[in-house]
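This report is for a reader new to the structure shown below. It takes up the two copies, one helix, the nonpolar core and one sheet.

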Number of protein chains: 2
Amino acid sequence: MSRQIIVASAQMGPIAKTEPRQSCVARMVDMLREAHGRGARLVVFPELALTSFFPRWMIEDKDELEAWYEEDLPSPATQPLFEAAAELAVGFYLGYAERVSEEGRIRHFNTSVLVGPDGKIIGKYRKVHLPGHDAPQPGRTFQHLEKRYFEPGNLGFPVFDGFGGRVGMMICNDRRWPEAYRVMGLQGVDLIALGYNTPVDHTGHTDIDSLTQFHNHLSMQAGAYQNASWVVGTAKCGREEGSMMVGQSVIIAPSGEIVAMASTLEDEVITAKADLDLGTRYRETIFDFARHREPDSYGLIVERKGAGDPI
Amino acid sequence: MSRQIIVASAQMGPIAKTEPRQSCVARMVDMLREAHGRGARLVVFPELALTSFFPRWMIEDKDELEAWYEEDLPSPATQPLFEAAAELAVGFYLGYAERVSEEGRIRHFNTSVLVGPDGKIIGKYRKVHLPGHDAPQPGRTFQHLEKRYFEPGNLGFPVFDGFGGRVGMMICNDRRWPEAYRVMGLQGVDLIALGYNTPVDHTGHTDIDSLTQFHNHLSMQAGAYQNASWVVGTAKCGREEGSMMVGQSVIIAPSGEIVAMASTLEDEVITAKADLDLGTRYRETIFDFARHREPDSYGLIVERKGAGDPI
């Protein structure tokens with residue numbers, strides 16, 4: 001059986017603070033239809049794709065804050081996207097802010113779902129690596145309060161069978177952490193779907209921030225190569241409520257090569273034919289983990305959180 | 001106190017099978033002097049820098065095989081390099097094949113030493129990630145028998161204080177494994193010295209091998225960036241006994257940017273001024289491990305060696 005599928009990255013331009021979810025969903029349905037017309041069976045949308053990137057604001061009012069989250073998917077607002085998926089037999093990845101009652105309390109996660117070509121949810125992922133701060137930082141035009149508004153994901157890095165292969169998910173800052181790719185690589189991942197919202201001033205240091213686009217691609221390319229996996233990285237981008245965010249959404253082969261890239265800062269669909277078997281030769285040679293990895297030397301990766309003294 | 005030092009990568013062209021160690025050492029002393037003249041305080045030589053890359057041959061004769069290893073450094077043949085280092089007050093990294101009596105038996109490792117500006121050994125590293133095979137593979141013009149001729153390193157990934165900072169070592173194939181960088185990053189490494197011998201046909205698959213130079217840099221750049229460390233990667237390169245090996249030795253900043261690169265396939269010195277504090281801003285923002293890493297989600301990295309089923 002062939003393991004070639006056409007995949008799409010459906011980049012989104014800015015979402016205004018006042019833009020309703022219905023409007024965002026309509027934009028996504030349009031791109032889902034375009035992707036389907038170009039042969040795609042899987043479409044990757046951005047992180048927090050239903051709203052403006054609200055962690056840039058300090059929101060004191062509880063009701064105002066809670067209004068940014070979703071409780072269940074599909075919701076009335078997102079139902080048209082799920083219906084279009086089923087109608088066209090095209091699956092998708094969608095990022096959103098999740099509110100859930102778990103362990104007897106209300107919890108908030110930065111979440112994504114993988115939806116199959118039947119419009120049903122195959123699996124869920126909750127962002128593990130939350131960037132930014134849990135309190136406003138003085139002197140910043142825009143805050144980055146993900147650590148305030150979300151808990152770190154509690155589902156690990158699961159992978160799911162679908163689309164003829166094994167699919168994993170990441171969200172935004174996860175892509176800078178090689179551990180995230182590796183945990184999925186150790187589960188035989190074939191394709192990693194990944195949405196992001198990355199302000200060009202995300203660190204606040206101009207020397208680092210000037211390299212934001214380079215770093216965006218560097219981490220995804222290395223993660224793809226080192227785990228012999230496709231990576232589809234999709235931006236929400238452009239100037240959103242005054243905050244500039246990077247675009248350059250990409251489809252990356254298991255070679256680490258960028259094989260498709262967005263060229264605008266607007267809603268834009270890019271596609272590539274992904275041979276899920278392309279990673280096989282890597283897995284049989286230099287990245288044959290069973291022959292070449294040496295976990296006895298990796299202990300510090302789980303024993304330490306922060307950097308410390310030489311052991 | 002300033003933490004800026006000029007570092008050098010001293011790339012070597014081919015070493016013939018019959019070239020004596022004294023000749024290789026003389027070539028290295030020449031480069032050490034050139035590097036010193038250009039202000040360098042630390043010079044990184046290649047992996048297995050004292051001989052031709054012998055793992056390309058199946059060697060049946062025990063005495064012939066043992067002749068490729070060193071017992072103690074400095075040896076009579078390598079003494080001039082240690083003396084030049086002390087004379088010039090320039091330290092170095094040197095890769096060599098090590099034979100040692102340990103645990104009541106003779107053992108063989110692919111080893112490197114870090115030598116201080118006083119000509120004394122600061123620390124030793126033994127290559128953890130051995131590529132290739134433990135038996136000859138049919139149909140290959142050149143073998144890659146590192147798994148036959150060496151044991152995996154048993155010293156972990158140590159880092160050593162020196163040169164105004166904290167220095168770690170890798171050898172060749174280690175650079176493709178993000179775990180190696182991370183274990184050193186978790187010990188606050190400032191600079192990673194790394195030598196390699198990488199045949200352009202190292203996997204035997206033309207599609208992968210055609211990307212050897214891209215992959216060489218991709219892994220080192222990502223490892224530097226994701227651990228906010230300098231990386232100095234030094235090739236032995238060119239056509240050695242008929243086997244073509246990649247050059248493009250590099251000095252990489254903690255930004256992941258290549259700031260110096262060799263342009264020949266011969267003996268060549270490149271230098272850069274390395275500010276060991278350049279990684280600090282990365283460590284205080286996006287790569288503040290203590291704030292952002294989530295080791296509870298990384299268990300599989302040490303629990304599994306090879307890839308397996310979804311958990």
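To compare the copies, they are superposed by least squares on the C-alpha atoms of residues with pLDDT of at least 70 in both. The model is predicted.

## Two copies

A turn of 180° and a shift of 0.0 Å along the axis lay chain B on chain A, with an RMSD of 0.0 Å. The two copies are thus related as by a two-fold rotation axis. They meet through the same surface, because 100% of the interface residues of chain B are also interface residues in chain A.

## Helix α1 of chain A

Helix α1 of chain A covers residues 21–37 and reaches 24 Å from its first C-alpha to its last. Its buried residues include A:Val25, A:Met28, A:Leu32 and A:Ala35. Among the elements covering the buried residues of α1(A) are β1, β3 and β14 of chain A. Just after α1(A), A:Gly39 has a positive phi of about 95°.

## Nonpolar core

The largest nonpolar core has 120 residues, and A:Leu191 and B:Leu191 have the most contacts inside it. Leaving aside neighbours within four places in sequence, the contacts of B:Leu191 include B:Val7, B:Leu42, B:Trp230 and B:Leu276.

## A six-stranded sheet

In chain A, six strands form an open sheet with mixed pairing, in the order β6-β7-β8-β9-β12-β13. The edge strands β6 and β13 of chain A each have a single partner strand, so one side of each is left without a neighbour in the sheet.

β6(A) and β7(A) pair in the antiparallel sense over four bridges, and A:Phe160 stands opposite A:Val167 in β7(A). Helix α5 of chain A lies across β6, β7, β8 and β9 of chain A, at about 160° to β7(A). Helix α7 of chain A also packs on the sheet, touching β8, β9, β12 and β13 of chain A.

Notes. Residues numbered from 1 in each chain as written. Chains lettered and ligands numbered in written order. Predicted model: local features only at pLDDT ≥ 70, side-chain atom pairs only at ≥ 80, totals over all residues. Heavy atoms only, no water. Contact = heavy atoms within 4.5 Å. Helix = DSSP H or I, 4+ residues; strand = E, 2+ residues; numbered from the N terminus. Expected span 1.5 Å × (residues − 1). Buried < 20%, exposed > 50% of the residue type's maximum accessible area, 1.4 Å probe, protein only. Core = buried A, V, L, I, M, F, W, Y, C linked by side-chain atoms within 4.5 Å. Pairing = 2+ DSSP bridges. Axes fitted to C-alpha atoms, helices over the stretch in contact; angles between N-to-C directions.
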